[in-house]
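Visitor: I would like to go through this structure with you. Please give me the reasoning behind each label.

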Amino acid sequence: MKQIRKGKVVYEGFEFEITAVFDEADERLPAWEADAELAIVGNPVPRIDGAKRVTGAARFTVDVQLPRMLHAAVLRSPVANGTVEGLDLEAARRAPGVRAVIGPDEAIGEGASPLTRTPEFVGEPIAVLAAETLPQARAALALLAPRIDALPFEVDLESGLRAQRFTSDPVESVRGEPNAYASGGDVRVELELATQFHIQSPLEPHAAVADWQQDELTVWISTQGVFGVRSELAQRFGLPAAGVRVIAEFIGGGFGSKVDAGTEGILAAELSRRARRPVSLIFTRHEELLAGGHRASTRQRIRLAARRDGTLVASEFDALIGMGARGGGLMPMVHAPAVSAYRSENAHAMRFPVKLNLRPVNAFRAPGFVEGTTGYEQAIDELAAALELDPLELRRRAHADRDQGADKPYSAKSLLACYERAAELSQWEQRDRLRDGAHEDGLLRGLGCATQLWFGSSQPCAATVSIGADGIVTVVTGAQDIGTGAFTIAQMVAAEELGLPLDRVRVVGGDTRPNVHGPTSGGSITTASITPAVRAAAASARRALLDLAGQSFEIAPEDLVLRDGRIRSADHALDADYTDLTRTFGNMAVTGEGARTLPSQDYSVQTWGCQIAQVAVDPGLGRVIVEHVWAVHDVGRIINPLTASSQAEGGILQGVGYALMEERVIDPTTGAPTNASLDDYKVPTMADTPAMTVEFINLPDPIASNTGAKGLGEPPIIPTAAAIANAFAHATGRRATALPLTPARVLEALA
Ligand code: MOS
């Protein structure tokens with residue numbers, strides 16, 4: 001019987017009340033425990049859509065071409081703060097090829113328009129138009145000729161703090177005694193450092209193609225959440241949810257910057273409504289770097305007090321957070337590692353969300369945790385030095401066996417095993433020998449470690465599995481594959497549960513039309529959300545199939561199993577190919593449905609890991625080379641070790657970029673980003689890629705999901721920069737006070 005339940009889910013640290021609809025059968029399905037015999041899950045499987053991706057056959061939103069499609073261009077603010085006094089919308093309307101123009105004073109459905117007459121950051125949209133061709137659209141933009149009164153602006157964190165410019169009230173988090181640092185412990189350390197704005201840089205820019213026909217809106221959009229976009233657009237435009245179809249079959253990455261309809265989705269839809277034509281709105285690479293989003297910048301002060309044996313008495317963390325303009329985005333959980341990563345008698349954190357004339361922050365892969373871990377894990381290393389303890393040994397001693405903040409037991413935690421394996425792989429005990437040895441190339445070398453903490457969250461999710469007369473299975477998931485391999489693990493889990501070969505299973509997703517709900521792929525929830533739903537749907541389809549087999553072979557269904565594509569009876573009298581049964585279906589199919597149940601409220605479900613980095617530092621040129629990163633993570637059961645390793649490698653590489661080169665630079669005289677291009681904003685390339693060794697503890701967490709799997713999107717990026725910074729300190733004996741470790745900062749630290 002179906003049930004409707006309400007419960008709490010955690011998404012990137014924020015708690016939401018949510019409704020789940022599922023069947024009692026979904027709840028009864030026992031989890032795959034550690035000793036489960038699995039034929040497909042746990043084996044490396046190439047992506048289901050790999051060939052389409054590498055041959056260019058995959059259709060991304062930027063590839064969508066519709067008959068009579070118009071092309072949009074956005075007028076963006078050239079000033080960091082100002083008022084638009086004049087705008088020649090009429091001139092643009094008269095321009096060749098122009099079919100729709102929207103100014104800042106016009107309503108766009110319900111809610112605030114993404115266009116503004118009073119821009120608060122460089123790049124904020126003021127007007128938008130659509131024309132027959134992109135060159136015509138761009139030419140018409142110039143005719144808008146905005147006259148703007150520039151106003152004073154603020155782009156500096158410290159002076160923003162002095163002026164008490166906050167996007168919301170500062171937030172204090174206390175566990176135990178707030179002033180424990182002042183009085184407690186035998187040893188105290190204090191560390192201050194700055195972290196930079198960090199741009200998501202997805203390969204595919206923000207893009208949407210909207211086609212509004214009568215009262216039906218179809219939107220192709222590069223998004224992390226088709227159902228979220230559907231709700232948002234339906235609500236804004238007063239349409240029933242079923243009147244909006246959102247499609248994102250292939251997505252060229254989002255990294256947190258594509259969790260909603262965005263300006264691209266809203267503006268493309270409104271332009272299409274007005275022009276009665278399909279409209280494509282694609283950010284240029286410059287727009288992507290200017291206005292696509294970024295991770296918040298921070299100034300952090302960390303203070304730790306410990307007893308001689310390493311027991312943490314006080315963990316204090318204060319941060320200024322560069323939130324950007326207007327309300328900023330969600331305040332990043334920069335303090336979380338300081339209050340949750342280790343056992344500490346007392347913890348105290350303050351977060352000051354500073355309002356700046358910059359684009360509001362949005363999510364970027366482990367928002368807050370990357371920033372917080374980068375500072376906090378360096379302070380832990382400083383404490384280890386002050387205690388004359390090995391940094392990994394201090395971390396072992398500070399291990400938290402229970403979630404102190406939530407006051408709940410952990411569902412599963414193999415962090416100590418991560419430390420042990422990472423130390424073994426990297427030959428950690430040889431680290432001082434590496435540092436002190438003579439290197440022919442004249443470089444300084446060192447090893448550093450850091451701990452990873454992140455949520456093991458999940459959300460309600462549905463799936464259907466149907467088996468046709470040809471024996472081909474179609475899995476429908478409402479989730480989208482943002483480039484992680486999510487559809488491949490859906491395929492694997494369905495094949496496993498059905499007992500069929502992998503090549504019999506196809507996956508349909510990234511489309512709201514079948515109305516099979518999937519959550520937004522953010523917060524590393526996708527695997528823990530879709531795999532239990534797909535498994536439940538496959539189990540339901542298998543039951544239906546065996547019921548039919550029981551009828552046609554006159555055997556009780558409970559005496560039948562489906563395995564390796566064969567339907568067998570307990571007494572081995574029957575051993576038939578499953579297609580002997582399915583081919584009798586005619587044009588019909590047998591369909592099972594399933595859903596993810598609500599996550600456990602009794603346990604703290606988290607993911608863990610340890611990364612160790614080896615760096616080489618050129619003391620003459622100030623260059624840091626990351627030579628090797630060893631990553632060992634505990635994210636529950638690994639469904640597909642191949643795509644899991646890819647996730648880890650991508651996360652590590654983004655962490656290398658954050659540690660060494662990526663930084664949004666703001667001109668203090670204009671408030672404009674000076675490096676809004678991939679020429680000037682450096683992301684790591686092949687030549688910057690370190691050797692990587694990735695391993696997983698691979699123990700199922702049956703409380704997290706019935707597959708025992710948790711998410712892996714964010715964990716790998718979290719500790720990388722901290723491990724690199726700690727390796728830099730180990731190699732050089734100096735600590736840089738700001739990221740990224742560019743040659744200028746390195747030379748300054750070494751001076
Ligand atoms: Mo969130 S950065 O979309 O996983």
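Guide: One definition to begin. Helices and strands are DSSP runs, numbered from the N terminus, with at least four residues for a helix and at least two for a strand. Glu-558 is in the loop between helix H16 (526–553) and strand E23 (560–563). Keep in mind that this is a predicted model.

Visitor: Why is Glu-558 called exposed?

Guide: Exposed means over 50% relative accessible area. Glu-558 has 66%, so Glu-558 is exposed. Glu-558 also belongs to a surface patch of negative charge, together with Asp-547, Asp-559 and Asp-571.

Visitor: What makes those residues negative?

Guide: Asp and Glu count as negative. The patch is built of Asp-547, Glu-558, Asp-559 and Asp-571.

Visitor: Why is Gln-224 called buried?

Guide: The cut-off for buried is under 20% relative accessible area. Gln-224 has 2%, so Gln-224 counts as buried. Gln-224 sits in the loop between strand E11 (216–221) and helix H7 (226–237).

Visitor: How far apart are Gln-224 and Asp-564?

Guide: In sequence, 340 residues. In space, 35 Å from C-alpha to C-alpha.

Visitor: How many aromatic pairs are there?

Guide: The structure holds 8. In one pair, the ring centres of Phe-166 and Phe-352 are 6.2 Å apart and the planes are at 35°.

Visitor: Why is the pair of Phe-166 and Phe-352 called tilted?

Guide: Rings pair if their centres lie within 6.5 Å; planes under 30 degrees apart are stacked, over 60 edge-to-face, and the rest tilted. With centres 6.2 Å apart and planes at 35°, Phe-166 and Phe-352 are therefore a tilted pair.

Visitor: Which parts does this pair tie together?

Guide: Phe-166 lies in the loop between helix H5 (157–162) and strand E8 (171–175), and Phe-352 in strand E16 (residues 344–355), so the parts tied together are 186 residues apart in sequence. Phe-352 has 22% relative accessibility, so Phe-352 counts as partly exposed.

Visitor: What makes Trp-454 and Phe-455 edge-to-face?

Guide: Edge-to-face needs planes over 60 degrees apart. Trp-454 and Phe-455 have 65° between the planes, at 5.0 Å centre to centre. Both Trp-454 and Phe-455 are buried. Ring pairs also link Phe-369, Trp-454 and Phe-455 into a cluster.

Visitor: How do you know that Arg-245 and Asp-511 form a salt bridge?

Guide: The nitrogen of Lys or Arg must be within 4 Å of a carboxyl oxygen of Asp or Glu. The closest N and O atoms of Arg-245 and Asp-511 are 2.6 Å apart, so the pair is a salt bridge. Arg-245 lies in strand E12 (residues 244–247) and Asp-511 in the loop between strand E22 (505–508) and H16, so this pair ties together parts 266 residues apart in sequence.

Visitor: Are these two partners buried or partly exposed?

Guide: Arg-245, at 22%, is partly exposed. Asp-511, at 14%, counts as buried.

Visitor: What other salt bridge has its closest N and O atoms 2.7 Å apart?

Guide: That of Glu-497 with Arg-535. Glu-497 is in helix H15 (residues 486–498) and Arg-535 in helix H16, 38 residues apart. Both Glu-497 and Arg-535 are buried.

Visitor: How many salt bridges does the count come to?

Guide: The count comes to 43.

Definitions and conventions:
Residues numbered from 1 in each chain as written. Predicted model: local features only at pLDDT ≥ 70, side-chain atom pairs only at ≥ 80, totals over all residues. Heavy atoms only, no water. Patch = residues over 30% accessible without salt bridge, like charges linked within 9 Å, V, L, I, M, F, W, Y side chains within 5 Å. Areas by Shrake-Rupley, 256 points an atom, 1.4 Å probe, with all protein chains shown as cover. Salt bridge = Lys/Arg side-chain N within 4 Å of Asp/Glu carboxyl O. Charge placed at Lys NZ, Arg CZ, Asp CG, Glu CD. Buried < 20%, exposed > 50% of the residue type's maximum accessible area, 1.4 Å probe, protein only. Phe/Tyr/Trp six-rings, centres within 6.5 Å; stacked < 30°, edge-to-face > 60°.
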